[in-house]
Amino acid sequence: MSGNGHQENAAAKSAYRIGEVSRLTDTKPFVLRYWETEFPMLQPAKSAKGHRLYRREDVETVLLIKRLLYDEGFTIAGARRHLRDTSNPPAEAGPAAAAQGEPPTAINRKVLLDLRDALRAFLTVLEHE
């Protein structure tokens, strides 16, 4: 069966065991267990036999954590803070952030990522001289 077939069947389920989540998200089970200790919002239920049962929302949270850590370069603490802030935005960021369409942390993050890329490009030029 193809990878897409597994994902289509899994999408219809309401609970996933850690091995299924590992395959769906391409994340090792030990990493998932570690993330459970670091991200309070990732707390799968336990079956009567003690197996972790992830909901669809948990799988989406795993994918978001993975993107923040691996693609966007967040630290564990930074990703935890980002997830906490985006699920419970601070009151002072309310109307101004809504008017801009993005929370302030996202704007600052983009500027920093752009700056990092520019500095890396500059460093590459300097190294080749």
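## Starting at Arg-55

Let's begin with one residue in this predicted model. Arg-55 has a relative accessible area of 43%, so it counts as partly exposed. Salt bridges that share partners join Arg-55, Glu-57 and Asp-58 into one network. In the link between Arg-55 and Asp-58, the closest N and O atoms are 3.1 Å apart. The side chains of Arg-55 and Glu-57 also meet in a salt bridge, at 3.7 Å from N to O.

How exposed or buried are the two acidic partners? Glu-57 is partly exposed, because its relative accessibility is 44%. Asp-58 is buried, with a relative accessible area of just 1%. Here's the general idea behind such pairs: side chains of opposite charge can pair when their charged atoms come close.

## The whole protein

Now for a step back. The protein has 7 helices and 2 strands. Read from the N terminus, its elements run α-α-α-β-β-α-α-α-α. Of its 129 residues, 26% count as buried.

The accessible surface comes to about 9000 Å², and 57% of that belongs to carbon and sulfur atoms. What about contacts between residues with a separation of 6 or more? Residues 24 or more positions apart account for 50% of those contacts.

## A salt bridge between H3 and H5

The structure holds 6 salt bridges. One of them brings together the side chains of Glu-38 and Arg-80, with 2.6 Å from N to O. Glu-38 lies in helix H3 and Arg-80 in helix H5 (residues 76-87), so this pair ties together parts that are 42 residues apart in sequence. Arg-80 has a relative accessible area of 24%, so it counts as partly exposed.

## How H3 packs against H4

Two packed helices are described by the angle between their axes and the distance between the axes. For helix H3 (residues 29-38) and helix H4 (residues 56-71), the angle is about 95° and the axes are 12 Å apart. That angle makes H3 roughly perpendicular to H4. Which residues make the contact? On the H3 side they are Val-31, Leu-32 and Trp-35, while H4 brings Val-62, Ile-65, Lys-66, Leu-69 and Tyr-70.

## How H3 packs against H2

Helix H3 also has H2 as a partner: their axes come within 9 Å and cross at roughly 105°. H2 and H3 are therefore roughly perpendicular to each other. Ile-18, Val-21 and Ser-22 in H2 meet Pro-29, Leu-32 and Arg-33 in H3. Leu-32 turns up again here, as it is also part of the contact between H3 and H4.

Take a look at Ser-22, which sits in helix H2. Is Ser-22 buried or exposed? Ser-22 is buried, with a relative accessible area of 13%. If you set aside residues up to four places away in sequence, Ser-22 touches Thr-27, Lys-28, Pro-29 and Leu-32.

## Asp-26 and Lys-66

Between helix H2 (18-25) and H3 there is a loop, and Asp-26 is found in it. Asp-26 is exposed, with a relative accessible area of 66%. Its backbone is worth a look too. Most residues other than glycine have a negative phi, and most peptide bonds are trans. The phi of Asp-26, though, has a positive value, near 55°.

Asp-26 is one of the residues in contact with Lys-66, and Lys-66 itself is placed in helix H4. Leaving aside neighbours within four places in sequence, Lys-66 is in contact with Thr-25, Asp-26, Thr-27, Trp-35 and Asp-71. How far apart are the C-alpha atoms of Lys-66 and Ala-79? They are separated by 9.4 Å, with the two positions 13 residues apart along the chain counted as their spacing.

## A nonpolar patch

Last stop: the surface. Leu-112, Leu-115 and Leu-119 form a nonpolar patch there, and together they have about 300 Å² of accessible area. Leu-115 has its place in helix H7 (residues 104-127). With 46% relative accessibility, Leu-115 counts as partly exposed, because the exposed class takes over 50%.

Definitions and conventions. Residues numbered from 1 in each chain as written. Predicted model: local features only at pLDDT ≥ 70, side-chain atom pairs only at ≥ 80, totals over all residues. Heavy atoms only, no water. Patch = residues over 30% accessible without salt bridge, like charges linked within 9 Å, V, L, I, M, F, W, Y side chains within 5 Å. Areas by Shrake-Rupley, 256 points an atom, 1.4 Å probe, with all protein chains shown as cover. Salt bridge = Lys/Arg side-chain N within 4 Å of Asp/Glu carboxyl O. Helix = DSSP H or I, 4+ residues; strand = E, 2+ residues; numbered from the N terminus. Buried < 20%, exposed > 50% of the residue type's maximum accessible area, 1.4 Å probe, protein only. Axes fitted to C-alpha atoms, helices over the stretch in contact; angles between N-to-C directions. Parallel < 35°, antiparallel > 145°, perpendicular 65-115°, else oblique. Contact = heavy atoms within 4.5 Å.
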